[in-house]
Every structure is written in C-alpha cells, then in structure tokens.
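This is a short walk through one protein structure, taken contact by contact. Please keep the sequence and the 3D view at hand while reading.

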Amino acid sequence: MTPAARLSAAIELIDTIERDRVPAAKALKEWGTAHRFAGSGDRAAIAGLVWDVLRRFSSSAYLMDSDTARARLIGMLRLERDMDTATMAALFDGSRFAPAPLTEAEQAALSQRSLKHAPASIAGDYPEWLDSHLAKVFGDDRIAEAMAMASRAPLDLRVNTLKSNRDKVLKALAHLHAKPTPWSPNGLRIELSADARNPGIQAEEDFIKGGVEVQDEGSQLAALFTAAKPGEQVIDLCAGAGGKTLALAALMQGKGRLIATDRDKRQLMPIHERLSRAGVHNADVRTPKGEADPLADISATADLVVIDAPCTGTGTWRRNPDAKWRMRPGALEIRLKDQAEVLERAVPLVKAGGRIAYITCSVLSEENNEQVRAFIAKHPEFSALPPEQTASVLWDKAEQFAQAALQSDEGWLMTPRRTGTDGFFVSVLKKVG
C-alpha cells in the first residue's frame, strides 16, 4: 500500500470506531481480516495512524475546526507528527486510493489555527468531565501531564533474575536496540516509532525460556517498592494475569510462600503458564470456587499483601488511548467501591508488623491518596510508610527518583511526564506490631 492509501484506510477506520463505538483494537483486527492484501508493514503503519488520532482526538478536531475522521487525521499529522502542509498536500492528492486534495478551509486551518487558547481538556486530549479531577492532582501542569499521557509508550521488559541477568539479556536483544530503563535495576526499554511493527518479543529465545517478561517500568517499580523478601509469606490479592506475581517471585528468590488469587478467575488463566515459564516454584495459585473464600485458611499471618487494585486505568492512557474516550463518571464511582472492598479483604490477612502494598495504575487522587486516607481513618492500626523509605530499594537512584516523582504522605505517584513510566500510585501501609 502507498502512504496515501494508508491514510485513506486510517480515515475509514477512525470513522468506524467513532460511528459504531467499537474498541480500536477490535476495529483494526477486523479491518486486517477483511483486507488480506495489506502486509504486516501496512497494518502496523495504519494502526499507528489510528492510535495517534485517538491520542490527539480532541486537539486535532479543535485545530481543524471540524470533528470528521478526515479532519482528525489531518490535525494529528500536524500536532503529533509535525507534518507540514506541503508534505500533506502531496499525500492528499486525490489519486487512486489517496484521500481527496486538501480543501481551502483545511489549508487555512493548518496555517491559521493553533491550540494556544484551547481549553485544558482539549489541549491535553482528555474528557472534559475529568478536568477538575486532574486539576486536583496536577494544577496548572495538567495539560503537560495529560499530553505526556497521550504520547506513545515504549516497550518495557523486566529481566527475570530467577533465570538471567540484565547484561546477558541486553546482549541477546541488541538487535532490537534494547537499553536499560532509567530506574528499575532489572528493566529494559525498546523505543518504538509510530509505524513500528511489533518486535515479536514472544518469539525471542530469552522470552521463551522465561528470562524476560513484558512489564512497564512503573509496574516494575511498584513491585520493588513492596520490598518483598525471601522467606516471607506474600499474598497477591488481585493477581490477574500475573505480571506483578512474577516480579514478586523474583524478589523472593524462590524462597518463602507466594499466594496468588483474584476475584475474577478468568483473569487468572494465563498465570499458570507464565509461572512455569519463569521458573517460579514457590507460588500457590488459588482460583475461586463458587462463593468459598480461597484464603479462608489464612488469618493474620501474611508479611505482605499486595493489592494491584481495580482502577480507572488513567495511568495507562498512552498504551490504550481509546479507553479514555469511553470512560464515564460512573466508572470512577464503581472503582472506588471495588478498591475499598479489596482493602477490607486484606486487613484480616496481615500479621502484626506486616504490610499492605496498595497499587493503582491511576493518577486520580480519589483512587489514590484519598482512598488511602479513608482506609487509615477506618483502620488506625495501619500507617503509610514514608515514601523515601520505600524508594530506598533504588539505592543510588533514590534521590533522583524523589525529585522526579510526585511524593505525598500517602506514597508515590509516577507519571509519563515525570518518570517516563505509565501512571502508577504506590502506598505501603504497615500494621502496628
């Protein structure tokens, strides 16, 4: 496919996503199935265009003073890819399979309009109803923070220290241009361009043999901040597919007792194969059966309970940009109830002197600081560990991290703009001994 034909395909897809309210990933998959002639490079390039439009969904329409799929694509090419009008005009030439030529109105918008006076939610590309929530956390920096959350995310990997080390995997993945992550001692990063194909990590020998896992650096740091130790009894209460479970197992060096469970047993399906591949032998996966409590035999014996809490996912917008446009105010209320409930479930499991690590992939105060304060008010036997204490696991990078991340009495908030990670909140709550 020519570059111009790819633009036409992207316009068609954007129109489908908006008109039919279908998730972008589903629309892209169905388009690929229906257009077998499109090669992998074409599909990657078209997907890159679609995801970038969703990242710039509001600002592109504002720039062009039009909310059509075509206008959003043109606006994105200027805002996200910094494409000049002449280059655009060469692509929008009306030839076979190419988009129609730029109109006078479109050319005028490109030359005369800007985001200088755009409302914060438009300049930052997020739903207007979230403006007050983001202002509460970031104040006047919310546009810059939101723009960073709308940027493209790299591919982050975590080296599994049960089977390998970072230097060894770095050499093995040199052909993918992997580099060490800034903060995590076991992290690797692969930067991806807008049109990049999936690097196929799952086909790499190091992945197949369990030496490396896909995991955002922020998630890696969240696991590190729990300070899980060899010999401890650790419960991963919202284990899901097992990303943090695997990281906890590596911290425990295969020693101690690691219990993984989740209210939704369907989420646990991938964890068994992942644990096996990673060489984890001290994990006990407890799948819920009916109404029975899979942790009924545990009472005040856990050294650590990790809660990767259900949340709005605002911190992962750069990986799933269409999710923010489908998010509704009611979703936040539901998540707040879910979080309070799972925190309550953790309380009777923790022994005196033990701790709860409360983690979200959200940047909203309601799900983070306010949720922790409400929990401590209800359970005064718990107190939040000073953030600088939890970050001490970063050794020589702890001071730099403290300057980059947002620190509060309740814990750490990481953001794409500040730490180069997804948005993650981490609070470690210790039970009075």
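In this model, the charged end of Arg-277 sits over the ring of Phe-207, 4.2 Å from the ring centre. The model is a predicted one. A second arrangement of this kind involves Arg-72, whose charged end lies over the ring of Phe-57 at 3.7 Å from its centre.

Rings also meet other rings. A pair of aromatic rings is described by how far apart the centres are and by the angle of the planes. Searching the whole structure gives six aromatic pairs. One of them joins Tyr-358 and Phe-425 in an edge-to-face arrangement, with 6.4 Å between the centres and 70° between the planes. Tyr-358 belongs to strand S9 (residues 350-360) and Phe-425 to strand S13 (residues 424-431), so this pair ties together parts that lie 67 residues apart in sequence. Both partners are shielded: Tyr-358 has a relative accessible area of 0% and is buried, and Phe-425, at 1%, counts as buried too.

Phe-375 and Phe-382 form a tilted pair, 5.4 Å from centre to centre and with 55° between the planes. Phe-375 is buried because its relative accessible area, 5%, is under 20%. Phe-382 is likewise buried, at 1%. Elsewhere, ring pairs link four residues into a cluster: Trp-183, Phe-225, Phe-401 and Trp-412.

The next topic comes from a database record. Under "binding site", an unreviewed UniProt entry lists Asp-262 and Asp-308. The two span 47 residues in sequence, but their C-alpha atoms are no more than 10.1 Å apart, so they gather at one spot.

Where does Asp-262 lie? Its place is in the loop between strand S6 (257-261) and helix H15 (271-278). Asp-262 counts as buried, with 12% relative accessibility. Beyond its neighbours within four places in sequence, Asp-262 is in contact with several residues, including Leu-237, Cys-238, Gly-240, Arg-286 and Pro-288. With Gly-240 the link is polar: the Asp-262 side chain reaches the backbone nitrogen of Gly-240 at 3.0 Å.

Asp-308, by contrast, is part of a strand, S8 (residues 302-308). At 23% relative accessibility, Asp-308 counts as partly exposed. Setting aside neighbours within four places in sequence, its contacts are Cys-238, Lys-244 and Ile-359. The side chains of Asp-308 and Lys-244 make a polar contact at 2.9 Å. Cys-238 appears in the contacts of Asp-262 and also in those of Asp-308.

Terms used: Residues are numbered from 1 along each chain as its sequence is written. This is a predicted model: local features need pLDDT of at least 70, side-chain atom pairs count only at pLDDT 80 or more; totals for chains, interfaces and linings use all residues. Side-chain values use heavy atoms; hydrogens and water are left out. Rings of Phe, Tyr and Trp (its six-membered ring) pair if their centres lie within 6.5 Å; planes under 30 degrees apart count as stacked, over 60 as edge-to-face and the rest as tilted. Helices (H or I, at least four residues) and strands (E, at least two) are DSSP runs, numbered from the N terminus. Buried means under 20% relative accessible area, exposed over 50%, partly exposed in between (1.4 Å probe, protein chains only). A charge sits over a ring if NZ of Lys or CZ of Arg is within 6 Å of the ring centre and within 35 degrees of the ring normal. UniProt positions are given in the numbering used here, feature names are shortened, and annotations may be inferred rather than shown by experiment. Contact means heavy atoms within 4.5 Å. A polar contact is a pair of N or O atoms within 3.5 Å; within protein, one must be able to donate a hydrogen and the other to accept it, and residues adjacent in sequence count only if both atoms are side-chain atoms.
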